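Biologist: Please take a close look at a single part of this model, the loop residue of your choice, and then set it beside the other parts that you are able to describe.

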Amino acid sequence: MTIGIDRVRAETPGTAHVLHFNNAGAALPPRPVLDAQVHHLEREAAIGGYEAEAEAEERLARTYDAIARMLGCTTDEVALVENATRAWDMAFYAMPFEPGDRILTSRSAYASNHIACLQVAERTGAEVEVVPHDASGTVDVDALRSMMDDRVALIALTHVPTNGGLVNPAAEVGAVARDADVPLLLDACQSAGQLPLPVDELGCTMLSATGRKYLRGPRGTGFLYVQRDWIERLEPPLLDLHAATWTGPDTYEIHPDARRFETWEGHVAGFVGLGVAVDYALDRGDSGSPALDAIAHRVRALAATLRTALGGVPGVTVHDQGRTRCGITTFTAEQREAEAVQRALRDRDVNVSVSPPSSTRLDAEKRGLPALVRASVHYYNTEAEIERFVAALHSALED
Ligand SMILES: Cc1ncc(COP(=O)(O)O)c(C=O)c1O
């Protein structure tokens, strides 16, 4: 099963300018995504924003269709929002926590999510507990199972953490959640676009993701999936006239589908572009083969090559954990701050990002991690780029 890399690169303008290993930050969008947004912005300028939105009704509907196709859900289970954090928050803050409820989370939790857990615990008297990990850093599913009791109100799992290549076993966690009849909120921010996300197989009740990372969509876009029979059990923390209808002077009705988690005003050009990005990802496979499997396979192979190559650079330590790994690689270089490495690479037209301990404090403190250089590959990257990357890193570290 192959992806047409030459074609994909030809359709990705950025590949002509930079060596982009910052796909976990924001991936390079393909031309159709860019064109869809520019077209919409041009229509907004030409005929007016509301009129352009009305004209784009079908294209917007296609965005829900594309996401539903990717997740294997129905369009009424999908809400379009501005980023993954807002998607996660709209689900999390809608949970009716009570004193003594237990919220089980993982060591790889993203800062924003964990801050929200701490706030909700303070407000409601719920307790936040971190599920143990095995030696590979992977969430320990047996330990999770042994923690389940009728006070567990939510399992919040980060599928792929922001600071490394680890992939948590979402489907196994989902099976524990299902057996215990506890909802699973899956943070798929870093996995959407690089791993298949069949929500039914993953057993997740809610899933949050962003557009700009591995999905190669526009910035300022994200989405939330909520399983049909949970939608009406979740009262969104914020409502507007799109999420609810003002039915009388003193009454309102909350929308019965996932649009209750949306707001009226939004980044229409971005949402149109997001749908094109999801379709673009889903169409990468040869006919008949699941495209995200092909993407996952190539991304994993490229990242493994990168890790091996980094292992040969003097003074460099790779920090990725996990029994199963994906496209994110994090490393440190002796005597060099991560920011200095990032700057030196940027001077060589190479993009990486920095993962500070504060973005994954539980994990960083446990492992004593400093800020890490994060190099994240996508399927449009090549082995030749990995060689160039390693050469650029050698030269950056010699300066
Ligand atoms: C694991 C994880 N969750 C959530 C987020 C937040 O995503 P967003 O910036 O789209 O809100 C990030 C961002 O890097 C992330 O890595």
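Modeller: Asp-149 is found in the loop that runs between helix H7 (141–147) and strand E5 (152–158). The model is a predicted one, and in it Asp-149 has a relative accessibility of 34%. Because buried means under 20% and exposed means over 50%, Asp-149 counts as partly exposed. Along the chain, Asp-149 and Arg-102 are 47 residues apart, and their C-alpha atoms are separated by 9.0 Å.

Helix H13 (residues 338–346) offers a view of buried positions: Ala-338, Val-341, Ala-344 and Leu-345. Seen down the axis of H13, these buried residues fall within an arc of 125°, so they line one face of the helix. The cover over the buried residues of H13 includes strands E12 (328–333), E13 (350–351), E14 (353–355) and E15 (372–376), together with helix H15 (383–398).

The ligand is surrounded by 13 residues, of which Thr-85, Asp-187, Thr-210, Arg-212 and Lys-213 are the closest. By character, the shell around the ligand divides into four nonpolar, six polar and three charged residues. Several side chains place polar atoms beside ligand oxygen atoms. In Lys-213, an N or O atom of the side chain is 2.8 Å from an oxygen atom of the ligand. For Thr-162, a polar side-chain atom lies 3.0 Å from a ligand oxygen atom, and for Gln-190 the distance from a polar side-chain atom to an oxygen atom of the ligand is 3.0 Å. Taken alone, the ligand exposes 390 Å², and the protein buries 92% of that area.

Methods: Residues numbered from 1 in each chain as written. Predicted model: local features only at pLDDT ≥ 70, side-chain atom pairs only at ≥ 80, totals over all residues. Heavy atoms only, no water. Near = heavy atom within 4 Å. Polar contact = N/O pair within 3.5 Å; in protein donor to acceptor, adjacent residues only side chain to side chain. Areas by Shrake-Rupley, 256 points an atom, 1.4 Å probe, with all protein chains shown as cover. Nonpolar A, V, L, I, M, F, W, Y, C, P; charged D, E, K, R; others polar. Buried < 20%, exposed > 50% of the residue type's maximum accessible area, 1.4 Å probe, protein only. Helix = DSSP H or I, 4+ residues; strand = E, 2+ residues; numbered from the N terminus. Arc of directions from axis to C-beta. Contact = heavy atoms within 4.5 Å.
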